[in-house]
Amino acid sequence: MLVDPTSGQKTEQLPTYNAYSRDGDVTAPLVYVNYGRPVDYEHLDRLGVSVKGAIVIARYGASWRGIKPKVAAEHGAIGCLIYSDPRDDGYFGGEVFPEGPMRSRDGVQRGSVMDMPVYPGDPLTPGVGATPEAKRLAGSVYPDEWIIRGNHHDAWVNGAGDPVSGISAELEEARALGELLKQGWKPKRTIIYAAWDGEEPALLGSTEWVETPAAELEAHAAVYINTDSNGRGYFSAEGSHTLEPFINSVARAVEDPEAKVSAWKRLQATTIATGTPEERSEARARDDLRIGALGSGSDFTPFLQHSGVPTLNLGYGGEDDNGIYHSIYDDFYHYTHFEDTDFAYGRLAAQTVGTAVIRLADADVLPFDFTRLAETVKRYVDDVQTLLKRRQDEVRERNRQIEDGVFAATRDPRRRTDTRKPWPAPRRNSPATPPPFVRSTRG
Ligand SMILES: [Zn+2]
């Protein structure tokens with residue numbers, strides 16, 4: 001490609017593959033499974049289509065990549081192909097690269113298909129660290145309390161957006177903290193800046209580091225702040241709800257370079273403009289905007305879900321669409337033409353996270369708010385109970401329709417027989433049963 005020699009280079013780019021995909025050579029009929037979610041297999045089941053012994057073809061999106069082959073295997077498939085549907089991130093969404101930001105017809109998304117939320121890290125050393133410890137900037141008052149800040153540096157190919165847009169902001173923070181040190185600043189707590197390797201295949205660097213000094217980390221880690229890709233647009237904060245008032249105060253202190261209001265004000269405005277009626281009235285009346293709960297998919301996972309360290313994942317974005325995620329086109333040309341073209345939001349990311357690190361490192365008392373945590377956990381419990389009730393009602397209705405012969409009477413007689421069997425209605429687990437995602441990093 002003439003305008004963008006980077007994406008066209010041959011010497012430094014590996015061919016497309018999915019990390020941790022099992023080797024194999026399979027020949028079988030191909031079955032299209034839409035996004036490859038459980039609900040898609042239910043639909044196929046209703047049509048009398050089985051994937052047992054077949055290769056499934058699923059499109060990217062709607063569920064995490066690594067879940068698709070897992071769910072396919074659970075349904076008896078022996079192979080899984082994943083492709084980018086132009087309707088989701090290609091020409092259907094706008095002009096394609098290099099004229100526009102969307103995926104071109106030859107563009108391919110790479111990624112990991114490991115079962116990441118449960119077992120990230122080096123598969124050869126589960127639960128045990130494989131890397132030496134990083135260097136630290138020792139605190140002057142509370143050296144045993146660590147503020148840890150990280151972003152990954154590895155990429156699927158060129159990686160201008162993912163991860164360089166995030167780690168360049170982190171490097172700028174580190175440079176600025178270095179300037180403050182030269183001027184005599186002594187942070188009260190120990191600050192650790194980390195650049196993780198191997199995030200894309202399996203959160204390797206962060207997981208192995210967390211697993212290496214596990215006991216020490218659990219005694220010393222006060223807060224972990226993660227970033228990943230950064231872009232133009234709105235502030236986003238997810239993480240531990242104890243840090244909700246703290247991160248709201250940080251967002252009030254930094255100015256959005258385009259809207260010229262605080263990052264907080266802009267996020268409040270977009271919540272009012274696009275939120276549900278409940279979110280709208282909360283955004284107007286509540287002191288702080290709510291922060292989202294973290295799932296998995298970046299280097300916060302070993303800190304939050306495996307070691308219980310209070311964690312934030314921060315960033316900006318949402319204004320520019322792009323369809324080149326995890327492809328050779330995520331490069332400098334694309335980023336400087338279609339994303340944060342003048343790096344104004346990279347600067348804002350450095351200001352925001354740098355402010356958070358300095359305030360955490362120098363606080364007399366760490367700014368945890370446990371009332372907010374309790375309030376949010378109560379909301380989650382209510383949500384789970386509502387979900388359980390809804391699911392029970394759905395299953396009872398479905399079973400009743402099977403028993404009453406509704407499906408048998410309405411199915412298309414030219415298709416194969418309806419294979420649905422009644423399901424047991426979901427029950428509440430007894431309190432003694434631990435949730436399946438809890439795992440100790442010790443021992
Ligand atoms: Zn990333």
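**Exercise 1.** In this predicted model, find how far apart the C-alpha centres of domain 1 and domain 2 lie, and describe the contact between the two domains.

*Solution.* Begin with the bounds, which the domain assignment of the protein chain places at 15-112 for domain 1 and at 142-368 for domain 2. The C-alpha centres of these two domains are 30 Å apart. Next, turn to the contact, to which domain 1 contributes 17 residues and domain 2 contributes 16 residues. Finally, sort by character the residues on the side of domain 1 that touches domain 2: seven are nonpolar, seven polar and three charged.

**Exercise 2.** Work out the strand order of the open sheet of three strands, and locate the helix that packs on this sheet.

*Solution.* The order is 2-3-4, and the pairing is parallel. Strand 2 (30-32) and strand 4 (79-83) are the edge strands, since each pairs on one side only. Strand 3 (residues 55-59) is joined to strand 4 by five bridges, and within strand 4 it is Cys-80 that stands opposite Val-56. Helix 3 (residues 67-74) packs on the sheet, where it touches strand 3 and strand 4, and its direction makes about 145 degrees with that of strand 4.

**Exercise 3.** Identify which helix gives the most residues to the largest nonpolar core, and trace the contacts of Ile-147.

*Solution.* The largest nonpolar core has 41 residues, and Ile-147, Val-353 and Val-357 are among those that touch the most other members. Helix 14 (residues 344-362) gives the most to this core, namely nine residues. Leaving aside residues up to four places away in sequence, the contacts of Ile-147 include Arg-189, Ile-191, Val-357 and Leu-360. A second, separate core of 12 residues includes Val-33, Val-51, Ala-54 and Ala-72.

Methods:
Residues numbered from 1 in each chain as written. Predicted model: local features only at pLDDT ≥ 70, side-chain atom pairs only at ≥ 80, totals over all residues. Core = buried A, V, L, I, M, F, W, Y, C linked by C-beta atoms within 7 Å. Buried ≥ 20, exposed ≤ 12 C-beta atoms within 10 Å, placed from the backbone. Helix = DSSP H or I, 4+ residues; strand = E, 2+ residues; numbered from the N terminus. Contact = placed C-beta atoms within 7 Å. Domains from an automatic or database assignment. Nonpolar A, V, L, I, M, F, W, Y, C, P; charged D, E, K, R; others polar. Pairing = 2+ DSSP bridges. Axes fitted to C-alpha atoms, helices over the stretch in contact; angles between N-to-C directions.
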